[in-house]
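Reader: Thanks for sitting down with me. Could we go through this model together, starting with how far to trust each part?

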Amino acid sequence: MSAAAGIRHATAKTATFKQNQPGRRPSAISLAWARRIESIQMFTITKQFAFSASHQLAGLDADHPCSRLHGHNYIVEVELRGASLGARGFVRDYRELGPLKTMIDDVFDHRHLNDVLGHDHPTAERLALFFYDWTHDRWPEVTAVRVSETPKTWAEYRP
């Protein structure tokens with residue numbers, strides 16, 4: 001049971017208990033709280049973007065594979081959340097995220113990340129933060145960004 005469902009269940013149970021007590025009416029506050037809990041909804045959407053790039057991480061032991069110049073096929077996953085849906089039934093229309101695809105293609109795809117980001121620590125974690133800041137500035141519904149370097153590894157930034 002989700003946390004919200006648990007709260008709804010407990011609140012409904014409390015309201016029922018109070019209503020079933022002889023001579024006891026539920027307070028306006030408890031009924032208002034129960035209605036508020038029942039109305040809580042959270043919609044989450046995600047969209048993935050992909051690019052290929054090289055990087056080299058400084059400060060690692062010489063025998064560490066990431067200290068050498070190498071590349072990855074990155075996946076960037078952007079998560080957006082909303083408590084309600086817009087008039088057209090979306091948290092946000094996926095098509096509105098087009099500027100992110102354009103920026104990734106123009107700035108990141110087939111580039112050297114050390115040059116793009118201007119430092120020698122272009123880790124998946126720092127990419128997740130960069131993409132979070134960039135997307136959240138444009139779309140306030142963005143709640144997290146995940147970056148994958150390989151099919152088995154992900155870094156996430158979620159404030």
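Reader: Over which residues does pLDDT stay under 50?

Author: Happy to start there: this is a predicted model, where local features need pLDDT of at least 70, side-chain atom pairs count only at pLDDT 80 or more, and totals for chains, interfaces and linings use all residues. Residues are numbered from 1 along each chain as its sequence is written, and side-chain values use heavy atoms, with hydrogens and water left out. The protein chain averages a pLDDT (the predictor's confidence in each residue, from 0 to 100) of 86, and 77% of the residues score at least 70. The stretch with eight contacts (heavy atoms within 4.5 Å) beyond four places in sequence, where pLDDT stays under 50, is residues 10–19.

Reader: What pattern does the protein chain follow along the sequence?

Author: Helices (H or I, at least four residues) and strands (E, at least two) are DSSP runs, numbered from the N terminus. The protein chain has five of each, helices and strands. Read in sequence, the pattern is α-α-β-β-α-β-α-α-β-β.

Reader: Which strands stand at the edges of the sheet?

Author: The five strands form an open sheet with mixed pairing, in the order 3-1-2-4-5. Each edge strand has a single partner, so one of its sides is left without a neighbour in the sheet; these are strand 3 and strand 5 (153–157).

Reader: Which residue of strand 5 stands opposite Val147?

Author: Two strands pair if DSSP finds at least two bridges between them. Strand 4 and strand 5 are joined by five bridges in the antiparallel sense. Opposite Val147 is Ala155.

Reader: Which element gives the largest share of the largest nonpolar core?

Author: A nonpolar core is a set of buried Ala, Val, Leu, Ile, Met, Phe, Trp, Tyr and Cys residues joined through side-chain atoms within 4.5 Å. This one has 27 residues, and those touching the most other members are Phe51, Val76, Leu100, Phe108, Phe131 and Val147. Two or more residues come from each of strand 1, strand 2, helix 3, helix 4, helix 5 and strand 4 (142–150). With six residues, the largest share is from helix 5.

Reader: Why do the buried residues of helix 3 line one face?

Author: Buried means under 20% relative accessible area, exposed over 50%, and partly exposed in between (1.4 Å probe, protein chains only). In helix 3 (residues 98–108), the buried residues are Leu100, Met103, Ile104 and Phe108. Seen down the helix axis, they line one face because their directions (from the axis to the C-beta atoms) fall within an arc of 100°.

Reader: Which side chain makes a polar contact with the side chain of Glu77?

Author: Glu77 lies in strand 2 and counts as buried because its relative accessibility is 16%. A polar contact is a pair of N or O atoms within 3.5 Å; within protein, one must be able to donate a hydrogen and the other to accept it, and residues adjacent in sequence count only if both atoms are side-chain atoms. At 3.0 Å, the partner side chain belongs to Gln48.

Reader: Which residue's backbone oxygen does the side chain of Ser67 reach?

Author: Ser67 sits in the loop between strand 1 and strand 2, and its 15% relative accessibility is why Ser67 counts as buried. Its C-alpha atom is separated by 5.0 Å from that of Leu57, 10 residues apart along the chain. At 2.7 Å, the side chain of Ser67 reaches the backbone oxygen of His64.
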